[in-house]
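Please open the model in your viewer and keep the selection panel at hand. The stops below say what to select next and what is there.

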Amino acid sequence: MVGEVEPKESCVSNCALKGVRVTRVMDWWGWAIAVVIVGATGVLVAACDAAPRASGSVPFTSADGAFGFHYAAELVKCEAQDAKVTSESVWAPAEACRCNDPGGAAVTAVCFGYPKDKYKDKPTFNGASFFVATDPSVKDAAGCTAGSSNWGEIKGENTTIGGGTFRHFRVSDAAMSHYSNSDIYRGFRGSKCYELVIQEMTTNPDVYDAGTQKFSKEDEAEVKGKLMQALQSFRFLR
(Lines give C-alpha, C1' and ligand atoms only; values in the text may rest on other atoms or scores of the structure.)
Protein backbone atom coordinates (compact mmCIF):
# COMPACT_ATOMS: atom_id res chain seq x y z
CA MET A 1 0.00 0.00 0.00
CA VAL A 2 1.37 3.41 -0.97
CA GLY A 3 0.75 6.92 0.28
CA GLU A 4 -2.63 8.59 0.45
CA VAL A 5 -3.96 10.54 -2.51
CA GLU A 6 -6.77 13.01 -2.99
CA PRO A 7 -10.32 11.56 -2.90
CA LYS A 8 -11.47 10.29 -6.27
CA GLU A 9 -15.11 11.06 -7.10
CA SER A 10 -15.04 8.45 -9.89
CA CYS A 11 -14.11 5.76 -7.37
CA VAL A 12 -16.96 6.66 -5.06
CA SER A 13 -19.50 6.85 -7.87
CA ASN A 14 -18.31 3.54 -9.37
CA CYS A 15 -18.83 1.83 -6.02
CA ALA A 16 -22.32 3.33 -5.81
CA LEU A 17 -21.76 4.65 -2.31
CA LYS A 18 -24.57 6.98 -1.29
CA GLY A 19 -25.20 8.97 1.85
CA VAL A 20 -21.60 8.58 3.02
CA ARG A 21 -18.61 10.88 3.40
CA VAL A 22 -15.18 9.99 2.03
CA THR A 23 -12.34 10.58 4.49
CA ARG A 24 -9.46 9.30 2.34
CA VAL A 25 -8.68 7.26 -0.76
CA MET A 26 -5.51 5.18 -1.16
CA ASP A 27 -4.08 3.48 -4.24
CA TRP A 28 -3.12 -0.16 -3.88
CA TRP A 29 -1.79 -2.03 -6.95
CA GLY A 30 -4.03 -0.09 -9.31
CA TRP A 31 -7.11 -0.29 -7.13
CA ALA A 32 -8.56 2.55 -5.08
CA ILE A 33 -9.56 1.88 -1.49
CA ALA A 34 -12.02 4.40 -0.09
CA VAL A 35 -12.45 4.80 3.66
CA VAL A 36 -15.81 6.39 4.35
CA ILE A 37 -17.98 7.32 7.30
CA VAL A 38 -21.40 5.64 7.29
CA GLY A 39 -23.84 7.90 9.11
CA ALA A 40 -22.30 8.85 12.45
CA THR A 41 -21.57 5.43 13.86
CA GLY A 42 -19.61 3.19 11.49
CA VAL A 43 -16.67 3.02 9.12
CA LEU A 44 -16.77 1.18 5.81
CA VAL A 45 -13.79 0.30 3.61
CA ALA A 46 -14.82 -0.11 -0.04
CA ALA A 47 -12.54 -1.16 -2.89
CA CYS A 48 -13.20 -0.21 -6.47
CA ASP A 49 -11.30 0.15 -9.72
CA ALA A 50 -9.00 3.18 -9.80
CA ALA A 51 -9.89 3.73 -13.47
CA PRO A 52 -13.51 4.34 -14.51
CA ARG A 53 -14.96 1.21 -16.11
CA ALA A 54 -16.95 1.53 -19.32
CA SER A 55 -20.45 0.09 -19.34
CA GLY A 56 -20.51 -3.55 -20.43
CA SER A 57 -16.79 -4.12 -19.90
CA VAL A 58 -15.11 -7.13 -18.30
CA PRO A 59 -11.99 -7.01 -16.06
CA PHE A 60 -8.87 -8.93 -17.05
CA THR A 61 -5.70 -9.52 -14.99
CA SER A 62 -2.61 -11.23 -16.41
CA ALA A 63 -1.65 -14.65 -15.01
CA ASP A 64 1.46 -13.19 -13.38
CA GLY A 65 -0.47 -10.28 -11.87
CA ALA A 66 1.71 -7.73 -13.68
CA PHE A 67 -1.05 -5.84 -15.51
CA GLY A 68 -4.77 -5.56 -15.98
CA PHE A 69 -7.40 -3.83 -18.10
CA HIS A 70 -11.12 -3.88 -18.92
CA TYR A 71 -12.30 -5.11 -22.31
CA ALA A 72 -15.63 -4.69 -24.05
CA ALA A 73 -17.89 -7.70 -23.50
CA GLU A 74 -18.41 -8.00 -27.27
CA LEU A 75 -14.76 -8.87 -27.89
CA VAL A 76 -13.61 -12.45 -28.47
CA LYS A 77 -10.93 -14.01 -26.24
CA CYS A 78 -8.26 -15.34 -28.61
CA GLU A 79 -6.42 -18.59 -27.92
CA ALA A 80 -2.91 -19.48 -29.10
CA GLN A 81 -2.72 -22.72 -31.09
CA ASP A 82 0.81 -23.60 -29.92
CA ALA A 83 1.83 -25.15 -26.61
CA LYS A 84 4.69 -22.65 -26.45
CA VAL A 85 3.66 -19.22 -27.71
CA THR A 86 6.12 -17.43 -30.01
CA SER A 87 6.09 -14.25 -32.08
CA GLU A 88 4.76 -16.32 -35.00
CA SER A 89 2.07 -18.30 -33.18
CA VAL A 90 -1.34 -18.72 -34.77
CA TRP A 91 -4.35 -17.52 -32.77
CA ALA A 92 -7.96 -18.60 -32.99
CA PRO A 93 -10.61 -17.90 -34.00
CA ALA A 94 -8.56 -16.81 -37.03
CA GLU A 95 -11.28 -14.59 -38.49
CA ALA A 96 -11.25 -12.36 -35.38
CA CYS A 97 -7.75 -12.64 -33.98
CA ARG A 98 -4.91 -10.52 -35.36
CA CYS A 99 -2.52 -11.01 -32.48
CA ASN A 100 1.08 -10.71 -33.69
CA ASP A 101 3.46 -7.77 -33.73
CA PRO A 102 3.87 -6.76 -37.41
CA GLY A 103 7.44 -7.81 -38.23
CA GLY A 104 8.70 -7.56 -34.65
CA ALA A 105 9.89 -10.14 -32.13
CA ALA A 106 7.30 -9.50 -29.41
CA VAL A 107 5.48 -12.53 -27.98
CA THR A 108 1.77 -12.00 -27.30
CA ALA A 109 0.55 -12.69 -23.76
CA VAL A 110 -3.16 -11.98 -24.26
CA CYS A 111 -5.31 -11.00 -27.23
CA PHE A 112 -8.93 -9.97 -27.73
CA GLY A 113 -10.43 -9.68 -31.21
CA TYR A 114 -13.47 -7.89 -32.57
CA PRO A 115 -16.08 -10.44 -33.76
CA LYS A 116 -15.86 -10.39 -37.54
CA ASP A 117 -19.31 -11.91 -37.97
CA LYS A 118 -20.86 -8.57 -37.03
CA TYR A 119 -19.57 -7.30 -40.38
CA LYS A 120 -19.89 -10.54 -42.35
CA ASP A 121 -21.74 -8.64 -45.10
CA LYS A 122 -18.84 -6.19 -45.38
CA PRO A 123 -15.87 -8.22 -46.68
CA THR A 124 -13.53 -5.23 -46.75
CA PHE A 125 -13.24 -5.65 -42.96
CA ASN A 126 -10.71 -8.44 -42.26
CA GLY A 127 -10.37 -8.20 -38.49
CA ALA A 128 -9.14 -6.09 -35.59
CA SER A 129 -7.79 -6.78 -32.13
CA PHE A 130 -6.16 -5.47 -28.97
CA PHE A 131 -3.26 -7.43 -27.52
CA VAL A 132 -0.48 -7.17 -24.98
CA ALA A 133 2.95 -8.62 -25.79
CA THR A 134 6.53 -8.53 -24.49
CA ASP A 135 9.71 -8.35 -26.58
CA PRO A 136 12.32 -10.73 -25.09
CA SER A 137 15.05 -9.36 -27.37
CA VAL A 138 15.02 -5.99 -25.57
CA LYS A 139 16.82 -5.60 -22.23
CA ASP A 140 16.53 -1.91 -21.37
CA ALA A 141 14.19 1.07 -21.60
CA ALA A 142 16.15 2.79 -24.38
CA GLY A 143 15.94 -0.25 -26.62
CA CYS A 144 12.26 -0.68 -25.85
CA THR A 145 11.20 2.85 -26.76
CA ALA A 146 13.40 2.82 -29.88
CA GLY A 147 10.92 0.42 -31.47
CA SER A 148 11.70 -2.32 -33.97
CA SER A 149 13.95 -1.83 -37.00
CA ASN A 150 11.43 -3.94 -38.93
CA TRP A 151 8.92 -1.11 -38.70
CA GLY A 152 11.02 1.20 -40.88
CA GLU A 153 11.95 4.80 -40.13
CA ILE A 154 9.24 5.49 -37.56
CA LYS A 155 10.27 7.63 -34.59
CA GLY A 156 7.10 7.54 -32.54
CA GLU A 157 6.01 9.92 -29.80
CA ASN A 158 5.60 9.72 -26.04
CA THR A 159 2.19 9.22 -24.45
CA THR A 160 0.80 8.23 -21.06
CA ILE A 161 -1.43 5.22 -20.41
CA GLY A 162 -2.61 4.37 -16.92
CA GLY A 163 0.04 6.59 -15.36
CA GLY A 164 2.86 4.87 -17.29
CA THR A 165 4.95 6.36 -20.09
CA PHE A 166 4.81 4.66 -23.48
CA ARG A 167 6.20 5.35 -26.94
CA HIS A 168 3.50 5.32 -29.62
CA PHE A 169 4.36 3.98 -33.08
CA ARG A 170 1.98 3.94 -36.05
CA VAL A 171 2.92 1.05 -38.34
CA SER A 172 1.20 0.41 -41.69
CA ASP A 173 1.67 -2.21 -44.36
CA ALA A 174 0.02 -3.12 -47.65
CA ALA A 175 0.19 -6.14 -49.96
CA MET A 176 -2.14 -7.65 -52.57
CA SER A 177 -4.88 -5.07 -51.85
CA HIS A 178 -4.77 -5.88 -48.12
CA TYR A 179 -3.96 -3.21 -45.55
CA SER A 180 -2.70 -3.48 -41.99
CA ASN A 181 -2.64 -0.56 -39.56
CA SER A 182 -1.16 -0.99 -36.09
CA ASP A 183 -0.97 1.43 -33.19
CA ILE A 184 1.87 0.09 -31.04
CA TYR A 185 2.60 1.46 -27.56
CA ARG A 186 5.92 0.39 -26.02
CA GLY A 187 6.81 0.76 -22.34
CA PHE A 188 9.51 -0.72 -20.10
CA ARG A 189 8.49 -2.16 -16.73
CA GLY A 190 10.04 -4.71 -14.38
CA SER A 191 12.89 -5.55 -16.81
CA LYS A 192 10.39 -6.26 -19.62
CA CYS A 193 9.56 -4.39 -22.80
CA TYR A 194 5.78 -4.34 -23.12
CA GLU A 195 3.76 -3.67 -26.25
CA LEU A 196 0.10 -2.65 -26.21
CA VAL A 197 -1.24 -3.01 -29.73
CA ILE A 198 -4.42 -2.17 -31.62
CA GLN A 199 -4.26 -3.83 -35.03
CA GLU A 200 -6.76 -3.47 -37.87
CA MET A 201 -6.89 -5.33 -41.21
CA THR A 202 -8.90 -4.25 -44.26
CA THR A 203 -9.13 -4.95 -48.00
CA ASN A 204 -9.28 -2.41 -50.82
CA PRO A 205 -12.98 -2.15 -51.78
CA ASP A 206 -12.01 -1.84 -55.46
CA VAL A 207 -11.39 -5.60 -55.65
CA TYR A 208 -15.09 -6.29 -55.00
CA ASP A 209 -18.17 -5.75 -57.14
CA ALA A 210 -19.67 -2.27 -57.17
CA GLY A 211 -22.66 -3.32 -55.05
CA THR A 212 -20.58 -4.82 -52.23
CA GLN A 213 -21.17 -3.20 -48.85
CA LYS A 214 -18.13 -1.32 -47.61
CA PHE A 215 -16.68 -1.09 -44.13
CA SER A 216 -17.51 2.55 -43.42
CA LYS A 217 -15.86 5.24 -41.32
CA GLU A 218 -18.68 4.80 -38.81
CA ASP A 219 -17.99 1.06 -38.66
CA GLU A 220 -14.31 1.74 -38.11
CA ALA A 221 -15.10 4.15 -35.28
CA GLU A 222 -17.28 1.49 -33.60
CA VAL A 223 -14.54 -1.15 -33.78
CA LYS A 224 -11.74 1.20 -32.75
CA GLY A 225 -13.80 2.49 -29.84
CA LYS A 226 -14.26 -1.01 -28.39
CA LEU A 227 -10.55 -1.75 -28.68
CA MET A 228 -9.60 1.63 -27.20
CA GLN A 229 -11.55 0.75 -24.04
CA ALA A 230 -9.00 -1.94 -23.28
CA LEU A 231 -6.03 0.25 -24.17
CA GLN A 232 -7.15 3.24 -22.12
CA SER A 233 -7.96 1.13 -19.05
CA PHE A 234 -4.60 -0.68 -19.07
CA ARG A 235 -2.71 -0.50 -15.75
CA PHE A 236 0.49 -2.00 -14.45
CA LEU A 237 -0.36 -3.65 -11.13
CA ARG A 238 3.17 -4.11 -9.80
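Select Cys78 and begin with its surroundings: at 1% relative accessibility this residue counts as buried, a word used here for under 20% relative accessible area, with exposed meaning over 50% and partly exposed in between (1.4 Å probe, protein chains only). This is a predicted model, in which local features need pLDDT of at least 70 and side-chain atom pairs count only at pLDDT 80 or more, while totals for chains, interfaces and linings use all residues. Residues are numbered from 1 along each chain as its sequence is written, and side-chain values use heavy atoms, with hydrogens and water left out.

Add Cys97 to the selection, and you will find a disulfide to Cys78 with an S to S distance of 2.0 Å, where a disulfide is a pair of cysteine sulfur atoms within 2.5 Å. The pair links distant parts of the chain, 19 residues apart, with Cys78 in the loop between β7 (76-77) and β8 (79-80) and Cys97 in the loop between β9 (91-92) and β10 (107-113); the helices (H or I, at least four residues) and strands (E, at least two) are DSSP runs, numbered from the N terminus. The link of Cys78 and Cys97 is left-handed, with -95° about the S-S bond, and Cys97, at 7% relative accessibility, is also buried.

How many disulfides are there by this rule? The count comes to 3, so the tour continues with Cys99 and Cys111, which are joined at an S to S distance of 2.1 Å. Cys99 lies in the loop between β9 and β10 and Cys111 in strand β10, so the pair ties together parts that are 12 residues apart in sequence. The torsion about the S-S bond of Cys99 and Cys111 is about -75°, which means that this disulfide is left-handed. Cys99 has a relative accessible area of 3% and is buried, and Cys111 is buried with 0%.

Next select Cys144 and Cys193, whose sulfur atoms are 2.2 Å apart in a disulfide. Because Cys144 lies in helix α2 (residues 141-145) and Cys193 in strand β15 (residues 192-203), the pair ties together parts that are 49 residues apart in sequence. The disulfide of Cys144 and Cys193 is right-handed, its torsion about the S-S bond being about 80°. Cys144 is buried at 0% relative accessibility, and Cys193 is buried with a relative accessible area of 1%.

Now colour the strands of the open sheet, which has 7 strands in the order β7-β10-β11-β15-β14-β13-β12 with antiparallel pairing; two strands pair if DSSP finds at least two bridges between them. At the edges stand β7 and β12 (157-161), each with a single partner strand, so one side of each has no neighbour in the sheet. Within the sheet, strand β13 (residues 164-175) pairs with strand β14 (residues 178-189) over 9 bridges in the antiparallel sense. To look at one position there, select Arg167, which stands opposite Arg186 in β14.

Finally, select Thr202, Phe215, Ser216, Lys217 and Glu220, which among the 16 lining residues of the second largest pocket lie nearest its centre. On a 1 Å grid over the protein atoms alone, a pocket is an open set of points where a 1.4 Å probe fits, with protein on both sides within 12 Å along at least five of seven lines, and lining residues have an atom within 4 Å of a point. The second largest pocket has a volume of about 280 Å³, a volume being the space filled by probe spheres set on the points. Which element gives the largest share of its lining? Strand β15 does, with 4 residues, and β11 (125-134), β15 and α3 (217-233) each supply at least two. The lining divides into 6 nonpolar, 5 polar and 5 charged residues, where Ala, Val, Leu, Ile, Met, Phe, Trp, Tyr, Cys and Pro count as nonpolar, Asp, Glu, Lys and Arg as charged, and the others, Gly among them, as polar.
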